[in-house]
Structure formats: structure tokens, C-alpha cells
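Here are some exercises to work through with the model open beside you. Try each task before reading its solution.

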Amino acid sequence: MKLQNIFNAGRNWLAATPERALDAAYRAAIKIKAIEDDHFQGKIVSANSMGYSASVTKVFQSDVNNYLKNIKARLAEFKISRGLLIFANPQPNDSSQSLVVYSNGFDQARELTIMEKLDFIEAVTDKYKKRAQEDIEVIPTRRLARGTKDNRLIINQKNRSLASNQSTKENSRELNTETISDKTGVLPRSFINTLKRLKQEIDQSDDTEEAVVKKFRNSRNKTAISIRFLLILIIIPLLTHQVTKSIIVTPLVNQYLEQHPQQGLFINQDLEEEAFRELRRYEEQLHFKSMIGLIERLEPEVEEAALKSRAEELSTEFRGRSINAISNVFADFFSLFAFGGIIFFCQREIRVIKSFFDEIVYGLSDSAKAFLIILLTDMFVGYHSPHGWEIILEGIARHLGLPENRDFNFLFIATFPVILDTVLKYWIFRYLNRISPSSVATYKNMNE
């Protein structure tokens, strides 16, 4: 009955998720509309809308951006949960709340339909999707004027196009996220970089100083964003796995197996055989110790009681291993869902980190590139790599509670490293050979 109640509560919660997500998005849109009407005379929140200072405008824009992100996340939750309503309670949910409609500065309490809420949200967010977003960078510079130094602020504004492709390009240029593979041309990259460096050293204008400062700031911001995003990609899935496993999954599995004790003793045949081996080994140890005189000769009743005690210990141990394996399966799904959510909602950070890694990899010396390529190929697709893949596959099977399948392991080892080797050779031929031919020559010489 408890498990049935938990299942019904989860189904009811899933049935109410679309309405709850849409209400949250609607409230965020109301807050954006309130900021526009109260501070920007109904216009979009922008530096050109009102005569506020840059710091005040930045505060409003930060709030609006947070609300827009909340709306995007809640609408995605609304769409996904509506698609999963087949698993929820098919009866309509009567827990809808009366929301305040924001219209012409007057508050009217009445219930809105789904279409009305979506229309209001779309009317608020479309203005920010179509507007020309401005990235304002305030760079302190010094200029001599009439024999004295005058500190002033230079504001660089970059307008993005309405088209999505052009918007993506401008967003990449904001932190210089253009990858090195996109910069390749007819002339060698080192030759072009040398000419640019000489031009910057010769040019003594203020724009050159601003470009150097801007390049340094972009590089610093790119590094900070990349490191922070890498930590998020690692920490959040691990925390999600541990929290869901400890708080949600394991108690449910324990409760189910307590009601069905015969189903959770051994999750697969390998665990059962391992438990029987342990029990036989314990029995043989008792006979051996009694034969050499380490212990007194055991009576049949005493021996049976000792074996029974050991069997209960083994049953508790392997039952825990089975519960842990089942919990790992469901907790892994939650971790994958969290990882996919991060990837889906952090497209800008992905472009930044891709550019960051490209600069690190392609910025290495030729010998360092060749060394890393040889190290990775020998480790994953080399002569000794099958032993490592066997250990990895056995660990995955033990983690998920799956029986070890030697045929699958051999088939995987015979195909997957070959695919990796082919992809790596294609990358060397297609990209590395075009970007850094000297690295390819060094790799071939070292490999020979």
C-alpha cells in the first residue's frame, strides 16, 4: 500500500507539472512586463530606452535575463511534461490557481487558459528575441589632451543581426570563440599571425591599445567560463547521482524488496555463483582447520549452524550489492538527464569551452602534439589496449549489476577501438594536416 501511495503521488505530481511550469513562466513574464512599465515606459529594457546610467541599466538587464532564462527552462519543462502525461493520471487536474493578469497597470484576478498564458509569454519574450542586443564594455583608457591626462571611458557597442545564424556568429565573436580550424586559409596560420603581430607593434594608435586590452579581457573571461563550466559538468551529475540514489532510489528499492524478498537476493547469475563459491570456501576452511588441529572436530549440528550463519552473512552482503546495482541504474538516468539539461541550456558556454580547448590543443608545440597523439593512440587503440577495455567493461557491468558476457566484450574490443583509430586518422588527415603540417610530420617521425 505504501508503494502504491508513493506511485500515485508521483503520478499526480507529474500530472500537475505542466500547469506548474507554465504558471512559473507566466509569473516571470509578468515581472518583465512590470519592469518595462514601471521604469522604461513600456519599452524593452535597453540602454537606449531611458536615460539611466550604465550601472542601473545593467541591473535591470541582469534581472530581465534571469527571468528570460527562467521562462525558457519552464517552457521546456512544460513541453516535456505534457509529452509524459500518458504516464500520469489521465483525469484533469483541479488544482489550478487564479493568477493575476498584468494589463494596463490594473490587477485583475481571474483564471487564464493555457493559450492566454502562452500568448502573453510570447508577447513579452518576442521583443527580446528580435531586438538588437548590445554588449557594452567599459574600458578605462588614458589620453593626453592639451598637455594634461584625461581619463575617459570608451564604450564599444556591438549590434547583432536579427537572423539566428548571424546572431550566433556575433555571439561567438563576443568572447572570440571562433575556433582555430575556422581560421585556416590559403596561407599558413603562423605567417598570418606574424604579420598581425608586426602590424600591432608598428601601429601606435589608441585603437591598438584598446584591442590589446580587449583581447586580454576576452582571454581571461574565456578561461574563467571554461573552468567553471567544466566543474559544473563534473560536479552536478555526480551530486545528482549521489543525492537521487541516497534519498529517492535506494529507499524505494529497499521498500519494494522487503515486500518481495525472493526477487532481490541475487540480481544475476554471476552474483549467485560468487556467493556459492564463498560458502563452499568457508566450508572447506572449517574442514581444513579441524583436520590440522587448529579447531576441535566439529559435530554435524555445530558445522551446520556455522554454515547457516555464514550463509546469512553472504545473503545480507549480496542483497546489498544487488540493491546498490539497481539503484545505480536509476541514479545514472537522473545523472544523464542533469548532464543533458546542462548541455541544452548552456550552448554559449559550450562554444566558449570548445574555443578554449582548441586554443590549448593547437597552441602546443609540434613535439607535444605528436607525444599526446601517440600516448592516446597506444592507450586506447594500441597493442595493449584490449586489456584496459576488458577492465572498463567489467567495471561497467559490475556497476549496473549486469552479468559478464565474454562474447559481447570480445565483439566490442574488436570493433570500437578500430572505429576510434579510424576517426583519429581522419582527424589527422582532414584537420591537423591542414592546420599544422609540421605536427603531422613530427608525429610520423616519432611513430616510426
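**Exercise 1.** Classify Phe380 as buried, partly exposed or exposed, and find the surface feature that includes Phe380.

*Solution.* This is a predicted model, so please read every value below as computed from it.

Step 1: locate the residue. Phe380 is found in helix H10.

Step 2: apply the cut-offs. Buried means under 20% relative accessible area and exposed means over 50%. Phe380 has a relative accessible area of 33%, so the residue is partly exposed.

Step 3: look at the surroundings on the surface. Phe380 belongs to a nonpolar patch of about 840 Å², together with Leu364, Phe371, Leu372, Leu375, Leu376, Met379, Phe416, Leu420 and Met446.

Step 4: assign the patch to elements. Two or more residues each come from helix H10 (366-380) and helix H12 (406-435). H10 provides the largest share, six residues.

**Exercise 2.** Describe how H12 and H13 pack against each other.

*Solution.* Step 1: choose the descriptors. Two packed helices are described by the angle between their axes and the distance between the axes.

Step 2: read them off. The axes of H12 and helix H13 (residues 437-447) cross at roughly 115° and come within 5 Å.

Step 3: list the residues that make the contact. H12 brings Ile428, Leu432, Asn433, Arg434 and Ile435, while H13 brings Pro437, Ser439, Val440 and Tyr443.

Step 4: sort them by class. The contact has six nonpolar, two polar and one charged residues.

Step 5: visit the connection. Ser436 sits in the loop between H12 and H13. Its relative accessibility is 6%, so Ser436 counts as buried. With residues up to four places away in sequence set aside, Ser436 touches Asp366 and Lys369.

**Exercise 3.** For Ile350 and Thr125, work out the burial class and name the contacts beyond four places in sequence.

*Solution.* Step 1: begin with Ile350, in helix H9 (residues 347-362). A relative accessibility of 23% makes Ile350 partly exposed.

Step 2: find the partners of Ile350. Beyond four places in sequence, Ile350 is in contact with Phe229 and Ile343. Ile350 also has a C-alpha 9.7 Å from that of Ile225, with the two positions 125 residues apart in sequence numbering.

Step 3: turn to Thr125, in helix H3 (residues 114-130). Thr125 has a relative accessibility of 8%, so this residue counts as buried.

Step 4: find the partners of Thr125. Outside its sequence neighbours within four places, Thr125 is in contact with Leu68 and Ile71. The C-alpha atoms of Thr125 and Lys33 are 9.7 Å apart in space, and these residues are 92 apart in sequence.

**Exercise 4.** Find the partners of Lys354 and Arg406 in salt bridges, and describe the setting of each pair.

*Solution.* Step 1: take Lys354. Its side chain meets that of Asp358 in a salt bridge, with an N to O distance of 3.6 Å. The two residues are separated by about one helical turn because they are four residues apart in helix H9.

Step 2: compare the exposure of this pair. Lys354 is partly exposed at 46% relative accessibility, whereas Asp358 is buried at 15%.

Step 3: take Arg406 with Glu394. Their closest N and O atoms are 3.7 Å apart in a salt bridge. This pair links distant parts of the chain, with Arg406 in helix H12 and Glu394 in helix H11 (residues 385-400), 12 residues apart. Arg406 is partly exposed at 36%, and Glu394 is partly exposed at 26%.

Step 4: add the other partner. Arg406 forms a salt bridge with Glu404 too, the closest N and O atoms being 2.8 Å apart. Glu404 is partly exposed at 38% relative accessibility.

Step 5: look for a network elsewhere. Glu278, Arg310 and Glu313 are joined into one network by salt bridges that share partners. The count for the model comes to 11 salt bridges.

**Exercise 5.** Summarise the protein as a whole: what is its secondary structure, and how much of it is buried?

*Solution.* Step 1: count the elements. There are 13 helices and four strands.

Step 2: consider burial and surface. Of the 448 residues, 27% are buried. The exposed area is about 30200 Å², and carbon and sulfur atoms supply 59% of that area.

Step 3: consider the contacts. Among those with a separation of 6 or more, 72% are between residues 24 or more positions apart.

How values were computed
Residues numbered from 1 in each chain as written. Predicted model: local features only at pLDDT ≥ 70, side-chain atom pairs only at ≥ 80, totals over all residues. Heavy atoms only, no water. Patch = residues over 30% accessible without salt bridge, like charges linked within 9 Å, V, L, I, M, F, W, Y side chains within 5 Å. Areas by Shrake-Rupley, 256 points an atom, 1.4 Å probe, with all protein chains shown as cover. Salt bridge = Lys/Arg side-chain N within 4 Å of Asp/Glu carboxyl O. Buried < 20%, exposed > 50% of the residue type's maximum accessible area, 1.4 Å probe, protein only. Axes fitted to C-alpha atoms, helices over the stretch in contact; angles between N-to-C directions. Contact = heavy atoms within 4.5 Å. Nonpolar A, V, L, I, M, F, W, Y, C, P; charged D, E, K, R; others polar.
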